[in-house]
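Trainee: Could you show me how to read the empty spaces and the helix packing in a protein model?
Mentor: Gladly, let's look at one together.

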Amino acid sequence: MTKMANRCVVSLLVTLLFVQLLGASVVSAANYKGTTINVALQAHNAVTEMNKLLPEFEKETGIKVNLDILPQSELGKKAEAAFAARAGTYDVVMMMVVAVSRYARAGWLEPLDAFIAESPEMNIDDFMPGFINVQKYEGKTYGLPFYGESTCLMYRTDLFEEAGLEVPTNMEELMLAAEKLTKGDTYGIVLKGGRGQASNGYVWPHFLRAFGGDYFDEQLKPVFNNAEGKAATQFMVDLITKYAPPGAINMNWNEVQVSFQQGQAAMCIDATNFAPVFEVSDMSKVNGRVGYAHVPSGVAGRSPGIATASVGVSAFSKKKAAAFEFIKWATGKYVQEESAKSGMRPDVTRRSIFDEPSYQEIYDWDNGNWYKVTLEAMGEALPYWRPVQFPEWPQIGDTISIEVQSVLAGQKDLDSALDDAAAKVEEIMKEAGYY
């Protein structure tokens, strides 16, 4: 075949492909023209950026999208009220990872596997494994990851340099650095000490697993009150009570962000998506002076955290196909790639975007260390770093966190608090029918 003939064949194939894609788009738009779906989402930077692109989706598909954008706590309450009433109030709902198994077991979510199988173009394997794996319950997929995070050690590069300290790589070095950096109005570290599975219950597993502890044994009996669990908890208690700012025992994520952002602490262990608050915000006093490193290791290695918010289809929706078209678009590479250009979306969930030079250039904090540490931590983190595969996790996590805070507040001794937590969690598991 001549070169001219080759070019003609290639041109014809490209034209046919374009016509095929255009035809699919036209059919899709025709199928959904006049369809309206109601979508409940969390008030979040990722949602704000996606919303700017929404007119494109509506034009391409013919689907009208009504958004109900709510604070995280209110979102859960409204969504669950609609679910409990078996009402089709929302066609699409955003949920935190801790809710997926509970919603799925209750029959509130539509399994997405059949939709996914019919949409190979969405490239399901491009999602970070940890983010997509936690969307499963009893072998079925109930959500697609919208935004996600791992965890890392964030530290003040200028304070470390002044003190002549190396960045801590293990727990012993972390404690020593916290002690040395606590002076005057500056504290060595700030951590979430407040009650709740998303507060101190999000920090505690870093230490529990690094010290060789775990939540349950093979029979699903609580073991976090063993020697390893108590050593880990004592370590965290010492960090907070000796080297954290006043009031840290009641801090949640927002207070921790503000404390570090305003220069009150030299270190923080928390979500990687805290970075824009420190680097981009006009309110920050630490811009350009924050370093990003792996969570320090213990005798059992290091254990970074992982969390994600996903979007799923309500089991009570009468427009499930249109609802899936929306979540496929909202979690797709194009939307994540475009919204990341704002500089306020470091929480994309697709590996291919992390690999793009344009993304790395935008999120080049600490000379690229933020990007490298975040990606590596996402790869290392256990999907069930917190045992969110159990629908009872919110109750379990809250139970443990209340007892941990009682130690932080000096209301209970550590042994009694963890033993009481273990007894309560065992009762929760027993009532749920696990034994």
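Mentor: Let's begin with a term we need: helices and strands here are DSSP runs, numbered from the N terminus. Please keep in mind that this is a predicted model.

Trainee: Thanks! How do people find the empty space in a structure?

Mentor: Rolling a probe the size of a water molecule over the atoms shows where empty space is left. In this model, the largest pocket holds about 1200 Å³ of space.

Trainee: Which residues are the closest to the centre of the largest pocket?

Mentor: They are Q42, Q72, M96, Y147 and W253, out of 44 residues that line the pocket. Several elements give two or more residues to that lining, including the helices α3 (72-84), α4 (97-105) and α11 (253-261) and the strands β3 (92-96) and β6 (144-156).

Trainee: Which element gives the most to the lining of the largest pocket?

Mentor: That is α3, with 6 residues. If you sort the whole lining by class, you get 22 nonpolar, 13 polar and 9 charged residues.

Trainee: How many cavities of 30 Å³ or more are there?

Mentor: There are 2. The largest cavity has about 60 Å³ of space, and the second largest has about 40 Å³.

Trainee: What lines the largest cavity?

Mentor: Its lining is made up of V97, G130, F131, V134, I306, A307, T308, P383, Y384, W385, R386 and V388. Both α6 (129-133) and β9 supply at least two of the lining residues, and β9 gives the most, with 3 residues. By class, the lining splits into 9 nonpolar, 2 polar and 1 charged.

Trainee: And which residues line the second largest cavity?

Mentor: Here you will find V97, V100, S101, V134, K136, Y384, V388 and Q389. The largest share, 3 residues, comes from α4. This lining has 5 nonpolar, 2 polar and 1 charged residues. Some names may look familiar: V97, V134, Y384 and V388 line the second largest cavity, and V97, V134, Y384 and V388 also appear in the lining of the largest cavity.

Trainee: Now for the helices, please. How is their packing described?

Mentor: Two packed helices are described by the angle between their axes and the distance between the axes. Take α10 (residues 227-243) and α18 (residues 393-408): their angle is about 50°, and their axes are 10 Å apart.

Trainee: What do we call the arrangement of α10 and α18?

Mentor: Angles from 65 to 115 degrees count as roughly perpendicular and those under 35 as roughly parallel, and α10 and α18 are therefore oblique to each other. Their crossing is right-handed.

Trainee: Which residues of α10 and α18 meet?

Mentor: From α10 come M236, V237, I240 and T241, and from α18 come V404, V407 and L408. By class, this contact has 6 nonpolar, 1 polar and no charged residues.

Trainee: At what angle do α9 and α18 pack?

Mentor: Helix α9 (residues 200-210) packs with α18 at about 80°, with the axes 9 Å apart. The two are therefore roughly perpendicular to each other.

Trainee: Which residues make the contact of α9 with α18?

Mentor: N200, G201 and W204 in α9 meet I400, S401, V404 and Q405 in α18. These residues divide into 3 nonpolar, 4 polar and no charged. Look for V404 as you compare the two contacts: V404 meets residues of α9, and V404 also meets residues of α10.

Terms used. Residues numbered from 1 in each chain as written. Predicted model: local features only at pLDDT ≥ 70, side-chain atom pairs only at ≥ 80, totals over all residues. Heavy atoms only, no water. Axes fitted to C-alpha atoms, helices over the stretch in contact; angles between N-to-C directions. Helix = DSSP H or I, 4+ residues; strand = E, 2+ residues; numbered from the N terminus. Parallel < 35°, antiparallel > 145°, perpendicular 65-115°, else oblique. Left-handed = near helix turned anticlockwise from the far one by under 90°. Contact = heavy atoms within 4.5 Å. Nonpolar A, V, L, I, M, F, W, Y, C, P; charged D, E, K, R; others polar. 1 Å grid on protein atoms, 1.4 Å probe; cavity = no way out; pocket = protein on both sides within 12 Å on 5 of 7 lines; lining within 4 Å. Points joined across faces, edges and corners; volume = space filled by probe spheres on them.
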